[in-house]
Amino acid sequence: MAPIHKNPIQQLIHPNHSLTLFDSNTKYVCDGCKILGIGKRYNCPECDFDLHEYCGTCPMNLSSFLHPYHSLKLVTRMPLGNRQLGRVCNVCCDSIEGLFYRCELCEFDVHPLCTLLPQTLRHVLHQVHPLRLLSSSESKTCVVCKGACNASSWRYRCALCEFDIHMECMLVQCKKERTWLGISKYVPPSIFPKTQYFDGHAYQIPYLNHNHNHMPHPHPHPCSQQQCYCPVQSDHGRTSRRIGIIIFIIVKAVTTALILGL
C-alpha cells in the first residue's frame, strides 16, 4: 500500500496507535463498520487495523436527508456476545455490526457509508428527470432487473414518472441500441452477469440473476411473484454484505463523473 501524505489521525475505536491514510486497489473489511471496502483506507500497520476513509473521519453528529427529522449520533455496536437485539440499516437493509448512525427517538439506524449515497442521480434509462433516493410506501418494479421494489424499501425514484431502480441496480451497465427510426436509446441488459465491472473494480449484485438459470429463494420471503428477483436473503432475512462494495462504487461513480455513461 502507498501512504498518502496527510497527517495521521487518532480514532476513539483504536486509541493505542495513530492511523495513516493509505491507497491500495485491494479489498478489505473495515474494522469500524465491518463492511467491505476497496481503495483508500486508514491503516494501523502494527495491528492490521483498517478503516474506510469516511469511517475514520465521520462526525459524531450528522444531519442527513435520509432522516431529516432529527440529528443522527455515531455509536458502536456492542460485541456479539453482549447483544440483545439485531440491528439492520434502515437504508440498505444490511445488518449492522460496528459503527453506525442512530436516531434514538425514531430508532432509525444507518451505516456511515450509506449516509454518503447521493440524494439525486441521473440514469441513462431516464434522462428527462433526476432520480431521488427515497423510501416509498408503494411496491413497484425495478425497471432494470424487473424485480420488486418492496414497500418501505429505499430505491432511486422519479415520483413524477413512477420510475424505480434498486440501489444495487443503479450500476448495471445498460445497452445502447438503435430503434428502427435510427434513434439511439438505452435498454436494460437481457442477461445479468453475476459479476459486474465498473472503473476497473469487480463486484457482485446481491440479487438473483435475471437469467434462465436463476435459482429460487433458499428461504421464505414476502414477495408473492413466481419469478422473484428480490434481494438474496440470508438466514436473518437480510441482504448480503456485498452492499458495501456497491455503495462504495456508487459514491466513486458520482465523484468521478462516470455514472452509467452520462
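**Surface patch, sheets and salt bridges in a predicted model**

In the predicted model, L181 is placed in the loop between β18 (175–178) and β19 (184–187), where helices (H or I, at least four residues) and strands (E, at least two) are DSSP runs numbered from the N terminus. Residues are numbered from 1 along each chain as its sequence is written, and side-chain values use heavy atoms, with hydrogens and water left out. Because the model is predicted, local features need pLDDT of at least 70 and side-chain atom pairs count only at pLDDT 80 or more, whereas totals for chains, interfaces and linings use all residues.

L181 is exposed, its relative accessible area being 57%; buried denotes under 20% relative accessible area, exposed over 50%, and partly exposed the range in between (1.4 Å probe, protein chains only). Together with W180 and I183, L181 forms a nonpolar surface patch with about 440 Å² of accessible area. Patches are made of residues with over 30% relative accessible area and no salt bridge, like charges being joined within 9 Å and nonpolar side chains (Val, Leu, Ile, Met, Phe, Trp, Tyr) within 5 Å. Accessible areas come from the Shrake-Rupley method with a 1.4 Å probe, and for residues only the protein chains shown count as cover.

For the protein as a whole, 2 helices and 21 strands are assigned. Of its 262 residues, 46% count as buried. The exposed area is about 13800 Å², of which carbon and sulfur atoms supply 53%. Among contacts (heavy atoms within 4.5 Å) between residues at least 6 apart in sequence, 46% join residues at least 24 apart.

Strand pairing was considered next. Two strands are taken to pair if DSSP finds at least two bridges between them. An open sheet of 4 strands follows the order β8-β9-β10-β11 with antiparallel pairing. Its edge strands, β8 (61–62) and β11, each pair on one side only. Strands β8 and β9 run antiparallel and are joined by 2 bridges, and L62 has L72 in β9 as its bridge partner.

Another open sheet of 4 strands, with antiparallel pairing, has the order β12-β13-β16-β17. Here β12 (120–123) and β17 (163–166) are the edge strands, each pairing on one side only. Direction ignored, neighbouring strands of this sheet are turned by 35° against each other on average; axes are lines fitted to C-alpha atoms, for helices over the stretch in contact, and angles run from 0 to 180 degrees between N-to-C directions. Strand β16 (residues 154–158) pairs with β17 in the antiparallel sense over 4 bridges, and I165 in β17 is the bridge partner of Y156.

Strands β6 (residues 41–44) and β7 also pair in the antiparallel sense, over 4 bridges. R41 stands opposite H52 in β7. In this hairpin, which has 4 residues between the strands, D48 takes a positive phi near 55°. From strand β7 (residues 49–52), F49 and L51 point one way and D50 and H52 the other, and all are buried. In a regular strand the side chains alternate between the two faces of the sheet.

In the loop between β11 and β12 lies L116, which is partly exposed at a relative accessible area of 32%. The C-alpha atoms of L116 and Y54 are separated by 8.8 Å, although the two are 62 residues apart along the chain.

The structure holds 8 salt bridges, a salt bridge being a side-chain nitrogen of Lys or Arg within 4 Å of a carboxyl oxygen of Asp or Glu. One of these links D109 to R87, with the closest N and O atoms 3.2 Å apart. D109 lies in strand β11 (residues 108–110) and R87 in the loop between β9 (72–76) and β10 (99–103), so the pair ties together parts that are 22 residues apart in sequence. D109 is buried at 4% relative accessibility, whereas R87 is partly exposed at 24%.

In a further salt bridge, the side chains of D164 and R155 meet at 3.0 Å, N to O. Both partners are buried: D164 has a relative accessibility of 1% and R155 has one of 0%. The side chains of E177 and K175 likewise meet in a salt bridge, at 3.8 Å from N to O. E177 and K175 are both partly exposed, at 35% and 34%, respectively. Salt bridges that share partners join E138, K140, R155, R157, E162 and D164 into one network.
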